[in-house]
Amino acid sequence: RATSNHKVKETVALELSYVNSNLQLLKEELEELNSSMDVYQNDSESISVPMIPLGLKETKELDLLVPLKDFISEHYGEESVLFEKEIKEFMELRQAMRTPSRNEAGLELLMEYYNQLYFLDSRFFPPTRTLGVFFHWYDSLTGVPSHQRALAFEKGSVLFNLGALHTQIGARQDRASLPGLNQAIDAFQKAAGAFNYLKENFSNAPSLDMSAASLTMLVRLMVAQVQECVFEKMTLLRAQNDFLARLQLAQEAARVEDVYSLVHQTMSQPHVKDYVPFSWTTMVQVKSEHFKALSHYFAAIALCDCSAPSDAELLEQERAFLQFHVTMPEGPSLRVLLQDPEERRKLGKAHLKKAIMKHEEAMRIHGLCKILRKMDILQEVLSFAHKRSLSKYSEIDHEEDFFETGEAPDIHPKTHQKPEIKSPNFSQVKVTDLFHRLGPLSVFSAKNKWYPARRVHLMRGENGFGFTLRGDSPVLIAGVIPGGCAAEAGLKEGDYIISVNGKDCKWSKHAEVVQLLKSTGKEGVDIGVITLQGSECPKTVDRKAAVMSSGSGMLKSNKENSRKSLMNSKSASTLLVWSKKSKRSKKSTYSGVPFTAVGDNEAMY
């Protein structure tokens, strides 16, 4: 539209085509970097099929010093400079979280930061406004940047990295040994759990790697990799010269093929197809064909290498063989098949023929992907399995065989160890609220608003101060006697005591506040109080006061309660609106309480 000059238009179109081709090349290079599978594989000399790990999402540095200081001054009315140490400590934790080590310490670091975000959310992110800070994260596979103001995007991205780190740890295990296999199984199950938790509890993700379709694919991929490890574990544990053990191996391999086929279907869906790296899709398809070939190979070995069963073994082998094929093979009855070596050889030969076809298909698909062609170890595994099947076929093939080799039926998939999706255990890493000096979260949180703190001077009368106290951390004024000292000084029902004679009492227990009040002399006592906005209405008075230990008037430390609530919470959330379910449903009401009849959980002073 900018010009009608055709020459200029042609020049611009030509230059744009150069830019587009360069961008395409850059995209391909980036895909190759981000989807690299060989980076995180183990260094063992043993040959095992490579696993698919995920790269971590990267994030920009974030300076929270000014926004948090401003919020502390404005919302909490505190001297924000006194909290610089806590803010810097949080920022250092975030900086460390960007590059976690690929071991248990790295996982703990991510979990510690994720748990700390709960406190940050409660302290500094009110439901009605944002801090004005953007959280920038890059897509794990494409590197495309995304940003949101919602803290939930930060939480979701950290949770994604927790899952990704588990995949890298799983891929690095030496799967030639039993301990290595068990660790790989555990790591991939935990990765599946992290991605599944993310899918169920977060939504509206701005980046494709955290979309529901991508996370479903990742959960299924991790489950398939667990199933592959289970098969490898069986090859280590079972005596392979036993007929039944070989049938089990064949069914285990068929199960691996089954789950990888499901992953390939998921990767071929419209929302995922153009996003998932071609090398991943190809690898999954190669594994599907490879394990189908192995299932037929082990079936053939069971039939050809094991001798005919004795009368005592026949019944057990018949029972196992009845559930072995998806459809029963054509030919003689099952009993004749198992007892006749020639019939066993015929069926074994049919299974080997199918195994060789599937090996060749796996090698053909493998050759289509430039990235996989560079992976020598995968080429070696496929080639070894193919040659082994060919060698066995030559061994059992007789020159005088005039029968046409039939079509071997597919093997019924079955596993002795179903993969378990292990959700993240947030209580595994204990954290303390960095900003606990602001006061207990039940009162001093971003969602609560209160009137400016008041300092009241109280003199003890003949009947005491004239109020009832309840709870702790902070202690609540549950009732004020009309005409008493407290009422005349301006104290009101629903006020929280935050200081006594200048001593901070936000975290003080009931007994500690009472002791401070009792130790005052004739000169009286200075009490600092705050009133929550809306607490004048009985229905909205602090809910915490209702959760009391019977008869003692004491509450557990709210810091501990809030930590436990965090660790056990599985409340739903969205990436646009992060909300936690209410930790307490009971509400205390104070209207109509006769001050002469003090309740069990209250004490009059």
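This is a short selection-by-selection tour of the structure above, which is a predicted model.

**The whole chain**

Start with everything shown as cartoon. The protein chain has 18 helices and nine strands. Colour by burial and you'll find that buried residues account for 50% of the 605 residues. Switch to contacts: of those between residues at least 6 apart in sequence, 78% join residues at least 24 apart. Turn on the surface, and about 29,000 Å² is exposed, with carbon and sulfur atoms supplying 51% of it.

**Stop 1: a nonpolar patch**

Select Val8, Val12 and Leu16. Together they make a nonpolar surface patch of about 230 Å². Click on Val12, and you're in helix H1, which covers residues 6–34. Val12 has 41% relative accessibility, so it counts as partly exposed.

**Stop 2: a negative patch**

Next, pick Glu89, Glu92, Glu104, Glu108 and Glu112, which form a negative surface patch. Two elements give two or more residues to this patch: helix H3 (84–97) and helix H4 (104–124). Which of them gives the most to the negative patch? That's H4, with three residues. Over on helix H3, have a look at Glu89. Its relative accessible area is 38%, so Glu89 falls in the partly exposed class.

**Stop 3: salt bridges**

The model holds 25 salt bridges; here are a few to click through.

Begin with Glu228 and Lys287, whose side chains meet at 2.8 Å, N to O. This pair links distant parts of the chain, with Glu228 in helix H7 (residues 212–237) and Lys287 in helix H10 (residues 278–305), 59 residues apart. Is Glu228 buried or exposed? Its relative accessible area is 0%, so Glu228 is buried. Lys287 is at 1% relative accessibility and therefore counts as buried too.

Jump to Asp495 and Arg454, a salt bridge at 2.7 Å, N to O. Here again distant parts of the chain are linked: Asp495 belongs to strand S6 (residues 495–500) and Arg454 to strand S3 (residues 454–458), 41 residues apart. Asp495 is buried, with a relative accessible area of 0%, whereas Arg454 is partly exposed at 24%.

For a local pair, go to Lys392 and Glu395, which meet in a salt bridge at 2.9 Å, N to O. Both lie in helix H15 (residues 376–396), three residues apart, or about one turn of the helix. Lys392 counts as buried because its relative accessibility is 8%, under the 20% cut-off. Glu395 is exposed, because its relative accessible area of 54% is over 50%.

Then select Lys292, Lys354, Glu407 and Asp410 as a group, and you'll see a network of salt bridges linking them.

**Stop 4: Cys505**

Finish at Cys505, in the loop between strand S7 (503–504) and helix H17 (510–518). Why does Cys505 count as buried? Because its relative accessibility is 0%. Show its contacts, leaving out residues up to four places away in sequence, and Cys505 touches Pro474, Ile497, Ile498, Ser499, Val500, Val513 and Leu516. To end with a distance label, put one between the C-alpha atoms of Cys505 and Ile527: they are 22 residues apart along the chain and separated by 9.8 Å.

Notes:
Residues numbered from 1 in each chain as written. Predicted model: local features only at pLDDT ≥ 70, side-chain atom pairs only at ≥ 80, totals over all residues. Heavy atoms only, no water. Patch = residues over 30% accessible without salt bridge, like charges linked within 9 Å, V, L, I, M, F, W, Y side chains within 5 Å. Areas by Shrake-Rupley, 256 points an atom, 1.4 Å probe, with all protein chains shown as cover. Salt bridge = Lys/Arg side-chain N within 4 Å of Asp/Glu carboxyl O. Lys, Arg positive; Asp, Glu negative; His and termini not counted. Charge placed at Lys NZ, Arg CZ, Asp CG, Glu CD. Helix = DSSP H or I, 4+ residues; strand = E, 2+ residues; numbered from the N terminus. Buried < 20%, exposed > 50% of the residue type's maximum accessible area, 1.4 Å probe, protein only. Contact = heavy atoms within 4.5 Å.
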